[in-house]
Amino acid sequence: MRELTGAQAIREALREEMIRDQRVYLAGEDIGLYGGAFGVTAGLVEEFGPERVRETPISEAAIIGTSIGAALLGMRPVAEIMFSDFITIGMDQLVNQGAKVRYMFGGKASVPMVLRAPGGSGTGAAAQHSQSLEAWYVHVPGLLVVMPSTPYDAKGLLKSSIRDDNLVVFLEHKLLYRARGDVPEGDYTIPLGKADVKRQGTDVTIVATSMMVHKALRAAGDLAGKGISAEVIDPRTLVPFDKETVISSVAKTGRLVIVHEGVKRGGFGGEVAAIIADSEAFYYLDAPIRRVCGYNIPIPYNPVLEKHAVPTEESIVAGVLELFK
């Protein structure tokens, strides 16, 4: 099977969906001739023209707001925000307008739109360009939230997101744009709301998101050398969340560690822990639920501090070992 980078897989999904459906168009800053801040949309304006790869002013509120309007009129926009941190500038459009439209119009209107944005740390981009704010979007009724961890997942999930009739926030980790992985030729989709067990195990369940999936897998390798079999689950979509797969795993292993890059306080890990506490899996727990998450601080510019502001393989291993004392 051929290998693609994360950026190539996303670009291929966009291109194939634009060919498949004339209503699909792209909007964002520098996504035309420049190809986007991370090169994801390179070459698409030459193939589809400026009407379908639309350069926008530097106004995130306008990008999100006009895309919502176009979706209400029957188009299927894919809007790109240069850094996910800047979605905050368009939050009124996103959470006060787009997320509520279907409910407020009694189901007679919908917003079939995808909002793509790169997030996460590891590039030295400092506090205003490195955040992981997925928990904010998970909190808002009316939004779907997707966080792929591999090129294969990114392509299949993005195609499903574009075909979905809901407003999807599609969060891509910057470090995964250059990561390579197997991607089959041709059309395929991955259903939203279906987790993937990235590694089978019997002693502890590790639920990890986005870039943390790869760190969790390496940590699981280290743990195997210590005699601990870790099962690693990637939810892939935070909304809808695949409760059944996680509950079934915890019922098998009896232990749960949740790993995400966003800060621990108010983070998505608290929601996962609550889901398990409210389920039958609670009675199978042999140890408290542990969260290994980002510190409650802005991401530092200093590369040494930046590395340790978010979970590392070592901190994941340490978090798991605490459950076996």
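A residue counts as buried when its relative accessible area is under 20%. In this predicted model, Ser130 has a relative accessibility of 1% and is therefore buried. Ser130 sits in the loop that leads from strand 5 (113-119) to helix 6 (134-138). Its side chain reaches back along the chain to the backbone oxygen of Ala126, at 2.6 Å. Once the neighbours within four places in sequence are set aside, the contacts of Ser130 are Asp85, Gly120, Ser121, Ala125, Lys174, Glu261, Ile299 and Glu306.

Strand 5, which precedes the loop of Ser130, is a good place to enter the sheet of seven strands. This sheet is open, its strands follow the order 3-2-4-5-7-6-12, and the pairing is mixed. Its edges are formed by strand 3 (53-55) and strand 12 (237-239), each of which pairs on one side only. On average, and with direction ignored, neighbouring strands of this sheet are turned by 20° against each other. Within the sheet, strand 4 (residues 76-80) and strand 5 run parallel and are joined by three bridges. Here Glu80 stands opposite Arg116 of strand 5.

Helices pack against these strands as well. Helix 7 (residues 151-163) packs on the sheet and touches strand 2 (24-28), strand 4, strand 5, strand 6, strand 7 and strand 12. The direction of helix 7 makes about 160° with that of strand 7. Helix 4 (residues 91-98), in turn, lies across strand 5, strand 6 (143-146) and strand 7 (167-173), and runs at about 140° to strand 7.

Helix 4 also has a helical partner. Helix 3 (residues 60-72) packs with helix 4 at an angle of about 30°, and the two axes are 8 Å apart. Angles under 35 degrees count as roughly parallel, and helix 3 and helix 4 are therefore roughly parallel to each other. From helix 3, the residues Ala61, Ile64, Gly65 and Ile68 meet Gln93, Leu94 and Gly98 of helix 4. The residues of this contact comprise four nonpolar, three polar and no charged ones.

A further open sheet has five strands in the order 9-11-10-13-14, again with mixed pairing. Strand 9 (196-199) and strand 14 (290-294) are its edge strands, and each pairs on one side only. From one strand to the next, the twist averages 25°. Inside this sheet, four bridges pair strand 10 (residues 204-208) with strand 13 (residues 256-263) in the parallel sense. Ile206 has Val257 in strand 13 as its bridge partner. Helix 10 (residues 268-277) packs on this sheet, where it touches strand 13 and strand 14, and its direction makes about 155° with that of strand 13. Glu261, one of the contacts of Ser130, falls within the residue range of strand 13.

A last stop is Gly39, in the loop between strand 2 and helix 2 (44-48). With a relative accessibility of 22%, Gly39 counts as partly exposed, because that class covers values between the 20% and 50% limits. Gly39 and Gln8 are separated by 31 residues in sequence, while their C-alpha atoms are 8.9 Å apart in space.

Terms used:
Residues are numbered from 1 along each chain as its sequence is written. This is a predicted model: local features need pLDDT of at least 70, side-chain atom pairs count only at pLDDT 80 or more; totals for chains, interfaces and linings use all residues. Side-chain values use heavy atoms; hydrogens and water are left out. Helices (H or I, at least four residues) and strands (E, at least two) are DSSP runs, numbered from the N terminus. Buried means under 20% relative accessible area, exposed over 50%, partly exposed in between (1.4 Å probe, protein chains only). A polar contact is a pair of N or O atoms within 3.5 Å; within protein, one must be able to donate a hydrogen and the other to accept it, and residues adjacent in sequence count only if both atoms are side-chain atoms. Contact means heavy atoms within 4.5 Å. Two strands pair if DSSP finds at least two bridges between them. Axes are lines fitted to C-alpha atoms, for helices over the stretch in contact, and angles run from 0 to 180 degrees between N-to-C directions. Angles under 35 degrees count as roughly parallel, over 145 as roughly antiparallel, 65 to 115 as roughly perpendicular and the rest as oblique. Ala, Val, Leu, Ile, Met, Phe, Trp, Tyr, Cys and Pro count as nonpolar, Asp, Glu, Lys and Arg as charged, and the others, Gly among them, as polar.
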